Every structure is written in structure tokens, then in C-alpha cells.
Amino acid sequence: MEIVVSGIRSTGNLHLGNYYGALRNFIKMQKENKCFFFIADYHSLTTHPDPAMLHVNVKNVLTDYLAAGVDPEISTIYIQSDVPEVTELYLLLNMHAYMGELMKTTSFKEKARKQPENVNAGLLTYPTLMAADILLHKAYKVPVGKDQEQHLEMTRRFARRFNNIYGVEYFPEPTAYNFGSELIKIPGLDGSGKMGKSEGNCIYLGDDPKVIQKKVMRALTDQGPTEMNSPKPDYIENLFTLLNVVSTPDTVEYFNEKWNKCEIRYGDLKKQLAADIIAVTTPIRERIIDIQNDEAYLRKVTKMGAEKARESAAKTVREVREIMGFKPF
């Protein structure tokens, strides 16, 4: 049994990118591993969210987690800010994180470009906080999408550096939980390479079928291929990537054949894609509706999760402090 950690920022509901990028496979394996799911509300502060919406967003992500299949009786599901040990480990790890390497991360450069008026210290040290979330439970596996690969590599680097500086073999170097295959990146409907909340190109797990159909039908397309067996443009390849994760193999084969013969009808492709996405998300959406108004259940889940997470976290922080030389008189 391995220790596995997964986190989602509390900036809105979960979408297909979250689900297929990592979460779906992780949920399937939660009975075989010691799993920690957390809602990263501290991470969301890097964009200065509306305080009135912070708790609402946490509740939305918590509800989506549970509806998607996280079992709080088997796994540990908690809110990041309910576990103060994460901030202490974050501080301690920052003492061995260097400005140069943090400034070179792709995510920092992208965010700094998008929000030049708010390039805060939290944005710079985002990889260190992510590392603290993972190393807090001494995780061996982390289910991440392709876009988080660099952050996971930095977590390994921080773990290795800590072990080398203090001459210990304390932190494991976690690897991606991807079942031996390549990491998945679910594309957006606007032709971009990534589905994301900030990009505004998401299909959320709780979207109504009519909303899903409308979003898919607006997806970027063109006039179709003019030569047989021609390569697909990126924005068309994105639609086929989505088709691959939600549709049956024969459906994918059918539309690939239509493309290769220059007989593709995007209207038919989009209708099929929308129908298959709806088939995947409808059971989850129905569970979201059942769970979101059950305040007593949500309180019970978060209280139980915080207690279990803090038991693991307190042990790690206590041992890290001793390794670093912090000892009582």
C-alpha cells in the first residue's frame, strides 16, 4: 500500500480536465492505497480571490470530490487551511528553495504575464507550497496532469535536497500516478491546449446537459480537410482527444475514418461528443445535487478529514524539526 496525495485549488468547480487528468484513476485505486485528497484554499490566494467566495468555492470543490467518488471513510479528504502544519513545512522548505529556480518555472512566468499587477511572493513560491502538501504525508505517488509535471519534478528536487543537506533518507521522491502511461492533458473547447478555469473553456462535472451541449457545439472548428489522411490542426485534434476519453473505441474509429476520407461533418461529431460527455457527467451531477445541501454531512466529512490529516502532518513536522535541529530545552 502506497501513500498518495492529490489536491485541487479552491477556485471553482471540478471540470473534465481535473477528472480525466488524474482524479478518475485515483478514485478507482483509493482502496489499494492510503490516499489524501485536499482542497487547496491557500493556493487560491495567489490570485487574491473575493473573500465572500472563498468558502463557497471550497464547498463546491468538496462536493464535487465526494460526488465524483472520493470515499471519506476510506480516504482522507480535508481542507488545506484546516491543517496548520502545511504552512510550517512550507516555511521550512522555503529555506532551501532558491529564487533562480522558482523564477524559472513555467507556471510562474505564465501567471506573472497574465497578472503583472499581482506578482506576489505566494505566486513565486507556489511550487514550494505544493511540495509541502505532498511531502507533508511523505507521499510516494501524486496523480497529476501533464501541466503539473514540472511542479512534481521540483517536489522531488526539494525532497532530494533536504535529504542531502541533512544526511538523511527521510522524504521519498514522489512520482506521477499515471498507471505506467503518459500523463494526460485534457484540452479546452476554444482550441487551446489545456482545459482550465482561468481559460474559460471548461466543461464542469456539474454542468447541466443543455449547457454541455451548447459549449460543445460552440467548439472551434474549420471547413474540414481537403486532402485524404491529412494531419489534424491542433484545435481539431483537441476534439478527438476529448472523444478518446469519453467515447467508445468504435465511435472514435468512425470519426477518424470520416476525417481521413474528407467526409467529416463537425455537427455530427459535436453532437456525439456532447452526448458522450453528458453520459459521463450525469451520474456525478445528480450526486452533486444530493450532497451540496447536506451541511451536516459536509461538516462531518471535513472534521473527520482534518483530524486524520493532522495526525499524519504533525508527525512529519515534528520529525522535520528534529532533523533540522529544532529541539526543546
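With which side chain does the side chain of Lys232 make a polar contact? Select Lys232 in this predicted model, in the loop between helix 9 (209-217) and helix 10 (234-246), and then display Asn256, whose side chain makes that polar contact with the side chain of Lys232 at 2.9 Å. Lys232 is buried yet has no salt bridge, and the nearest side chain of opposite charge, that of Glu237, is 4.4 Å away. Because a salt bridge requires a side-chain nitrogen and a carboxyl oxygen within 4 Å, this pair is not counted as one. Leaving out residues up to four places away in sequence, Lys232 touches Glu237, Phe240, Asn256 and Trp259.

Staying in the loop between helix 9 and helix 10, select Asn229, which is exposed, with a relative accessible area of 56%. Asn229 is not a glycine, and yet its phi is positive, about 60°. Most residues other than glycine have a negative phi. A second residue to compare is Cys262, in the loop between helix 11 (249-260) and helix 12; Cys262 also has a positive phi of about 60° without being a glycine, and it is partly exposed, with a relative accessible area of 29%.

From there, turn to the nonpolar interior. The largest nonpolar core has 53 residues, and those with the most contacts inside it are Leu23, Phe37, Tyr65, Ile77, Phe240, Leu273 and Ile277. Helix 12 (residues 266-292) gives the most to this core, with 9 residues. Centre the view on Ile77 and, setting aside its neighbours within four places in sequence, look for its contacts with Phe37, Leu62, Tyr65, Leu66, Val70, Pro72, Val301 and Gly305. Apart from this core lies another, of 39 residues, among them Leu123, Leu124, Phe162 and Ala313.

Next, select helix 13 (residues 295-324), whose 30 residues reach 42 Å from the first C-alpha to the last, close to the 44 Å expected at 1.5 Å a residue. Its buried residues include Val301, Gly305, Ala309, Ala313, Val317 and Val320. Just after helix 13 comes Gly325, with a positive phi near 105°.

The final stop is His151, in helix 8 (residues 149-166), which is buried, with a relative accessible area of 4%. The side chain of His151 makes a polar contact with the side chain of Ser107, at 2.7 Å. To complete the view, display Tyr126, Pro127 and Met130, which together with Ser107 are in contact with His151 when its neighbours within four places in sequence are left aside.

Methods:
Residues numbered from 1 in each chain as written. Predicted model: local features only at pLDDT ≥ 70, side-chain atom pairs only at ≥ 80, totals over all residues. Heavy atoms only, no water. Helix = DSSP H or I, 4+ residues; strand = E, 2+ residues; numbered from the N terminus. Expected span 1.5 Å × (residues − 1). Buried < 20%, exposed > 50% of the residue type's maximum accessible area, 1.4 Å probe, protein only. Core = buried A, V, L, I, M, F, W, Y, C linked by side-chain atoms within 4.5 Å. Contact = heavy atoms within 4.5 Å. Lys, Arg positive; Asp, Glu negative; His and termini not counted. Polar contact = N/O pair within 3.5 Å; in protein donor to acceptor, adjacent residues only side chain to side chain.
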